Amino acid sequence: MTRDHREVTTIDPTFFAEAVDVVGANHVLRDADVVAGYTADWTGRFTGTSPAVIRPGSTEEAQALVGLCRRHGVALALQGGNTGLSGGTVPLAGEVVCSLRRLTSLELDTVSGQVSVGAGVVLSDLQAAAEAAGWAYGVDFASRGSATLGGSVATNAGGMRVLRYGDTRAQLLGLTAVLGTGHVVSHMGGLIKDNTGYFLPGILCGSEGTLGLVTAARLRLVPRAPERVVALLAFGEVAGAIEAASTLRRQLRTLSAAELFLQPGMDLVRAHTGQAAPFGGPHGAYLLVEASDDRDPTADLSLAVDSLPGVAAVAVAADPLRAAELWRYREGHTDAINHHGTPHKLDVSLPPAVLADFVGRVPGVVESVSSGAEVWLFGHAADGNVHVNVTGIAPDDDAVDDAVFKLAAAMGGSVSAEHGIGTAKRRWLHLNRTEDEVAAFGVLKAALDPDGVLNPSVLLGG
Ligand code: 2HG
Ligand code: ZN
């Protein structure tokens, strides 16, 4: 399905010849079948077209490529692992895809507890390298096996450990990026105290590739917490589960995740994975909690869970295999939903006080605009982030998106908690950002990417 598709401008063939001079013939991919592997998003909701995929192998090559694009008036759609869920990696306006996956350098500094990574390093590879060196990386999310650090930084990726370590921005000490002007900004020294002017990583992180092409990042690591225990708690009501997440944040110092999901999602995941039911009966809500530390946190977790009101059933797993099984009920949602139908991904966040009310109201709001739609609700209970997934509606039917985003904004929430605006949510940016804020975004865009060569379809390109 092609959504919001625009005219593809013709590109002068000398552009491709010059691109070959920059990155080498093996890294200018023009075979239509190969290029097609880069033009759709993971969910299948957004598809674009592109004349080529170009894969720079260094910051210098990326800089030369940006210069080439400016001279030829060619726009780039930047792509890492292509795991984004807001259509932000898709060449909707016929952009040339720029894949950063070749930038896989990884240098650990075990003394400072920091790492320098190329944009193409895959999250799970960083996590494994950090663990092997006696450290850990504080960000984790389900697409860890394909998502890259460049994309993670560009979108300020969140995930399930935000409650403990913060989002990607909170790990970011510096980065290297090629701005749309062609300047390379590189600040990778990793000094913890360094008040020497504008903190450019803070502007580039979360800018979704619209201001600069991130080629590397300097990230902080956190102490390992190798002893883990996971508990799945069942509640009669969503409000009980959300209240419990908040209590555990206060009472369990070792809490490292508090994930919410509901019975329909549990049933869908089980139908997809073949897993057994964790408990006898159906329940109003589930909260998956994890505690981790350098000493076994099972006793602390059990004590904290025992004092929670409204818990209808509990399964505790310290054994890694059983713990992974419990995690699969939650992490299996994205796959199971995609298997069920092409989803609309409405990644919102709400203030804690209204989160349960929002979850309760969403199905009625969706039903009121689309009677055939199915709603799947899950997310990160401790940081107010609900993933409203909706199937059973056409990919380009925005009525449900509109209704859910308006409800979230009216209740004090955000239309994009952690997935970004991408191309999917440009229409609703104004629900969270004032006219002056959007104008300031435009000023930054014009200053740092004056020719509009970087991700022109993303965030502001409505
Ligand atoms: C998660 O929390 C990811 O698992 C994906 O952010 C959410 O599939 C989704 O909507
Ligand atoms: Zn998430």
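Me: Why is Arg253 called exposed?

Reply: In this predicted model, Arg253 has a relative accessibility of 66%, and since exposed means over 50% relative accessible area, buried under 20% and partly exposed in between (1.4 Å probe, protein chains only), Arg253 counts as exposed. Local features need pLDDT of at least 70 and side-chain atom pairs count only at pLDDT 80 or more, while side-chain values use heavy atoms, with hydrogens and water left out.

Me: What makes the pair Asp293 and Arg253 a salt bridge?

Reply: The term requires a side-chain nitrogen of Lys or Arg within 4 Å of a carboxyl oxygen of Asp or Glu, and the side chains of Asp293 and Arg253 meet at 3.4 Å, N to O, so the pair satisfies the definition. Asp293 lies in strand S14 and Arg253 in the loop between helix H9 (238–251) and strand S13 (255–261), so the pair ties together parts 40 residues apart in sequence; helices (H or I, at least four residues) and strands (E, at least two) are DSSP runs, numbered from the N terminus.

Me: How do you know whether Asp293 is buried or exposed?

Reply: Its relative accessible area is 13%, which falls under the limit for buried, so Asp293 is buried.

Me: Why is Glu18 called partly exposed?

Reply: Glu18 has 27% relative accessibility, a value in between the two limits, and therefore counts as partly exposed. Its side chain meets that of Arg71 in a salt bridge (3.4 Å, N to O), and Arg71, at 61% relative accessibility, counts as exposed.

Notes. Residues numbered from 1 in each chain as written. Chains lettered and ligands numbered in written order.
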